[in-house]
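Here is a short round of questions on how the labels for a model are earned. Keep the view open while you read.

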Amino acid sequence: DFRKVFSGAKIAKQIVWKGNVSELSYFVKQFYGKLKYVEDLKQEQWAVAINCFVDESGGTYERTKLRSQKIPARSKIIDSVLNTLK
């Protein structure tokens, strides 16, 4: 399912994000904004993220909280993971 998120295919079940909310926010910002791995979603990347990811307890993320996070301490790890997706 994780790979399907990036291919544009429909996912069968939501993906559990093991990091914190700021790490998911950074991941989404880098993936859609800076690196432009997919087409421009016209600010709908947050809706896509909310539909695709849940937290470890199965809870959903809030759009406004997700998009307003600061750069996390583990941003370099996320950057290295994103670089492997090229």
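Q: In what order do the elements of the chain run from the N terminus on?
A: This is a predicted model. The elements run α-β-α-α-β-α-α. That order holds five helices and two strands.

Q: What makes helix 2 oblique to helix 3?
A: The axes of helix 2 (residues 21–34) and helix 3 (residues 45–52) cross at roughly 130°. Roughly perpendicular covers 65 to 115 degrees, and roughly antiparallel needs over 145. The crossing angle fits neither class, so helix 2 is oblique to helix 3.

Q: How is the packing of two helices described?
A: By the angle between their axes and the distance between the axes. For helix 2 and helix 3, the axes come within 11 Å. The crossing is right-handed.

Q: Which residues make the contact between helix 2 and helix 3?
A: Helix 2 supplies Ser25, Val28, Lys29 and Tyr32. Helix 3 supplies Gln45, Trp46, Val48 and Ala49. By class, five are nonpolar, two polar and one charged.

Q: Why does Ile71 count as exposed?
A: Its relative accessibility is 64%. Exposed means over 50%, so Ile71 qualifies.

Q: Where does Ile71 lie?
A: In the loop between helix 4 (63–67) and helix 5 (75–84). Its C-alpha atom is 9.9 Å from that of Lys29. Along the chain, Ile71 and Lys29 are 42 residues apart.

Q: What share of the residues in the chain is buried?
A: Buried residues make up 33% of the 86 residues. The cut-off for buried is under 20% relative accessible area.

Methods
Residues numbered from 1 in each chain as written. Predicted model: local features only at pLDDT ≥ 70, side-chain atom pairs only at ≥ 80, totals over all residues. Heavy atoms only, no water. Axes fitted to C-alpha atoms, helices over the stretch in contact; angles between N-to-C directions. Helix = DSSP H or I, 4+ residues; strand = E, 2+ residues; numbered from the N terminus. Parallel < 35°, antiparallel > 145°, perpendicular 65-115°, else oblique. Left-handed = near helix turned anticlockwise from the far one by under 90°. Contact = heavy atoms within 4.5 Å. Nonpolar A, V, L, I, M, F, W, Y, C, P; charged D, E, K, R; others polar. Buried < 20%, exposed > 50% of the residue type's maximum accessible area, 1.4 Å probe, protein only.
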